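Work through the exercises below with the coordinates open. Each one sets a task and then solves it step by step.

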Amino acid sequence: MKPGTLSSFLKRGAIWGFIVLELIFFSLAGEFLALSDKAFMDLDNMLLLLKQSAPIGIIAMGMTIVMINGNIDLSVGAIFALAAIILLDSLTWPIFAGLGDWVIPVSWGMALLVGVALGALNGLIVWKTGVDAFIVTLGAMLGYRGLVFMYNGEQPTSHLNWTLVDFAEAQFLGLHTATWFLLAVTAAIWVLMTRTVHGRNAYAIGNNREAAVNAGIRVGPHMMINFMIIGFLAALSAVVFYSESGSVNPNDGQLYELWVITAVVLGGTRLTGGAGSVISTFGGVLAIQLLRKGLGHIGADTSTVNLVIGLILIAVLFLDRQLNVKGKEELKI
Amino acid sequence: MATMTKKDIGGFLARQGILVAFALFIIGFTIANPKFLTPDNILSVVRSSAILGVMALGVTFVVISGNLDLSVGSMMSFSTIVVLDLHDTLGPTMAIPAMFAMTLALGALIGFLVGYLKLNSLIVTLGMLSAIHGLTLTYSGGKNMDIDDKSGTWLSVFGQGQIAGIPVPILIFLALAALLGIVLAKTPFGRKVYAVGGNGVAATFSGIRRARTVFLCYLMSAACVATAGLIQASRSMGSQNTVGQGMELEVLAAVILGGASLLGGSGTIFKTVIGVLILGFIQNGLLLMGLQFYAQFVVTWVIIILAVWLDIAAKRGRLWSPIA
């Protein structure tokens, strides 16, 4: 066995092992502590879990590629909220009154366009000014949230379109609409990262930017495209979720960046860039949702969930470091 | 130097850009609204910036040491809730030290994780943001915390008191700024903080205990957060669980505005105080001009990015990044 094989096997398999452990733990603990008689591993419950993973999961796919690229995006929660407001508000705009239900694709398109535009703005600033993505998106998190509040004050923006609700609540082959979107996004991003030049370049840039530049890769446009993708996905996550719920508060999406980054880090993507996998992120998303749902199942409230998620994030960081000690990271200090 | 070339002027603007921009803002706001530069308004701005400012002082140490602290907002909520709760059971004399001890314990935990275990500070403090928020909610049971007898306690001194006409929060902020400014600029510990943030490897080789220095920085940050929590509790005498939520961003914005590099190794307490005041005056000025409260978020966003951009543009000698 080559050195490092065990640790890389452990790392790659760890997230799925963690999921299995969670399933066993919550099933057993649920027997004694659950508030309802239903088993935790009930099929309906698991399908619901997939559906509920979608909002975080769709954004996490974008965060994976941004982080592989060596950047980070803290503004996703604010983009999520702004896209949701554009979606629900534009459904009622008088100019679209004549469209009937054709207003739906128009509103979806506008919300997604806003997401892409905000992501592009982040990417352009990172590219052209050279300011670290952390600062740029930290600022944007504040700025975009400001736009959200300026749009409608502290009032919720609500509109229920029943065609849209039917679409969002539909089940095809047993899976909910949101689940299909999550799976489609996961597949698309997987193809993008493993089968295209853009994906390979993104890994190369995250791994060693100077080497990538020397190899003739244009760093800026790749970074900007990745920011546009995550902006698009944050908006997509919003339109999928709010098509069903029909009402958005200006505070919605707050702390989403935390959940998303936790899922991505749980999936083993490195913060410094260059390594990470879309499939493992999918595992990370499931693990987090299982944890939220499982803790709820055994009667814990949201405060416990927050506590546990935070501690798990730190524990994973620690384990990841321990498993990596023998690897090349040792040289970087 | 008789003639100043265009490049010199550009360099000066870039280096002192923050102060220049600040001066322009002040002049603009004063012309737009004569009330802006009155003593009353200045005092009220500084007073309302004091809580943010006290937290920013501690975070300055952490940032100079090359790390981040995103947990200060939820830690401040924790301190506020704890001191308000203990006030009614233990009385203020015991509640304040107890609250400080508990907050310092959290700071020590973060310092241990980042300093001794060398974990990434961004993720650790992001995790602690969530964990401490959960802890606060568990502690309070999700309820708001209120002091029973609001008029009969001396706890109100820290947030509402005045000495010689100057509000106590301002005095605490300035005293702490002076103290920590001296610690950072004039003591061996302060020099170690710069050394660790500037080049951790070199610092280790020259015999500085990196882990211990980082640990102490987080302890310092926690002490500042506890002080901020005390002022907040004393000012409002009652609080929600989420009182500090989002403040980590504003704190970081103030520190970055002051010119501390997020890569570590640069920044001063004085500059952070300037950063805090800039944020406070700009937010106040925008309100006086009749802009919506939330517009200040957008303006803060623009200012942060411009400030950091100018800073690194001055360092690299060109405006646009060399990224292809």
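Helices here are DSSP runs of H or I with at least four residues, and strands are E runs of at least two, both numbered from the N terminus. The model is predicted.

**Exercise 1. Count the elements of chain B and judge its overall form.**

Solution.
- Step 1: Count. Chain B has 14 helices and 4 strands.
- Step 2: Apply the globule rule. For 324 residues the rule gives 20 Å, and the radius of gyration of chain B is 20 Å, so chain B is as compact as a globular protein of that length.
- Step 3: Box the C-alpha atoms. Along the principal axes, chain B fills roughly 70 × 55 × 40 Å.
- Step 4: Check burial. Of the 324 residues in chain B, 52% are buried.
- Step 5: Check contact range. Take the contacts in chain B with a separation of 6 or more; 78% of them involve residues 24 or more positions apart.

**Exercise 2. Repeat the analysis for chain A.**

Solution.
- Step 1: Count. Chain A contains 14 helices and 4 strands.
- Step 2: Compare with a globule. A compact globule of 333 residues would have a radius of gyration near 20 Å, and the 20 Å of chain A agrees.
- Step 3: Box the C-alpha atoms. The principal-axis box of chain A is roughly 65 × 55 × 35 Å.
- Step 4: Check burial. Buried residues account for 50% of the 333 in chain A.
- Step 5: Check contact range. Of the chain A contacts between residues at least 6 apart in sequence, 80% join residues at least 24 apart.

**Exercise 3. Classify the packing of H3(B) and H8(B).**

Solution.
- Step 1: Choose the descriptors. Two packed helices are described by the angle between their axes and the distance between the axes.
- Step 2: Locate the helices and read both values. H3 of chain B covers residues 39-64 and H8 of chain B covers residues 168-186; their axes come within 8 Å and cross at roughly 20°.
- Step 3: Classify. Angles under 35 degrees count as roughly parallel. H3(B) is therefore roughly parallel to H8(B).
- Step 4: Assign the hand. The crossing of H3(B) and H8(B) is left-handed.
- Step 5: Find the contact residues. H3(B) contributes residues including B:Val46, B:Ile51, B:Leu57 and B:Phe61, while H8(B) contributes residues including B:Ile170, B:Phe173, B:Leu176 and B:Leu184.
- Step 6: Sort by class. The H3(B)–H8(B) contact has 14 nonpolar, 1 polar and 1 charged residues.

**Exercise 4. Follow H12(B) to its partner within chain B.**

Solution.
- Step 1: Read the geometry. H4 of chain B, residues 72-90, and H12(B) have axes that come within 6 Å and cross at roughly 125°.
- Step 2: Classify. H4(B) and H12(B) are therefore oblique to each other.
- Step 3: List the residues. B:Val72, B:Gly73 and B:Met76 of H4(B) meet B:Met247, B:Glu248 and B:Val251 of H12(B).
- Step 4: Sort by class. The contact of H4(B) with H12(B) divides into 4 nonpolar, 1 polar and 1 charged residues.

**Exercise 5. Follow H12(B) across to chain A.**

Solution.
- Step 1: Read the geometry. The axis of H5 of chain A, residues 133-152, and that of H12 of chain B, residues 247-257, come within 11 Å and cross at roughly 130°.
- Step 2: Classify. The angle makes H5(A) oblique to H12(B).
- Step 3: Assign the hand. H5(A) and H12(B) cross in a left-handed sense.
- Step 4: List the residues. From H5(A) come A:Ile135, A:Leu138, A:Met141 and A:Leu142; they meet B:Leu249, B:Leu252 and B:Ile256 of H12(B).
- Step 5: Sort by class. The H5(A)–H12(B) contact has 7 nonpolar, no polar and no charged residues.

**Exercise 6. Describe the side of chain B that touches chain A.**

Solution.
- Step 1: Count. Contacts link 39 residues of chain B with 42 residues of chain A.
- Step 2: Name the contributing helices. H6 (121-140), H12 and H14 (295-316) of chain B each supply at least two residues to this side.
- Step 3: Rank. H6(B) gives the most, with 13 residues.
- Step 4: Sort by class. This side of chain B has 29 nonpolar, 10 polar and no charged residues.

**Exercise 7. Is A:Tyr242 buried or exposed? Place it in chain A.**

Solution.
- Step 1: Locate. A:Tyr242 lies in H10 of chain A, residues 219-245.
- Step 2: Count neighbours. A residue is buried if 20 or more other C-beta atoms lie within 10 Å of its own. A:Tyr242 has 26, so A:Tyr242 is buried.
- Step 3: List contacts. Beyond its neighbours within four places in sequence, A:Tyr242 touches A:Ala84, A:Leu87, A:Leu88 and A:Val248.

Note on methods
Residues numbered from 1 in each chain as written. Chains lettered and ligands numbered in written order. Predicted model: local features only at pLDDT ≥ 70, side-chain atom pairs only at ≥ 80, totals over all residues. Rg over C-alpha atoms; globule rule 2.2 N^0.38 Å. Buried ≥ 20, exposed ≤ 12 C-beta atoms within 10 Å, placed from the backbone. Contact = placed C-beta atoms within 7 Å. Axes fitted to C-alpha atoms, helices over the stretch in contact; angles between N-to-C directions. Parallel < 35°, antiparallel > 145°, perpendicular 65-115°, else oblique. Left-handed = near helix turned anticlockwise from the far one by under 90°. Nonpolar A, V, L, I, M, F, W, Y, C, P; charged D, E, K, R; others polar.
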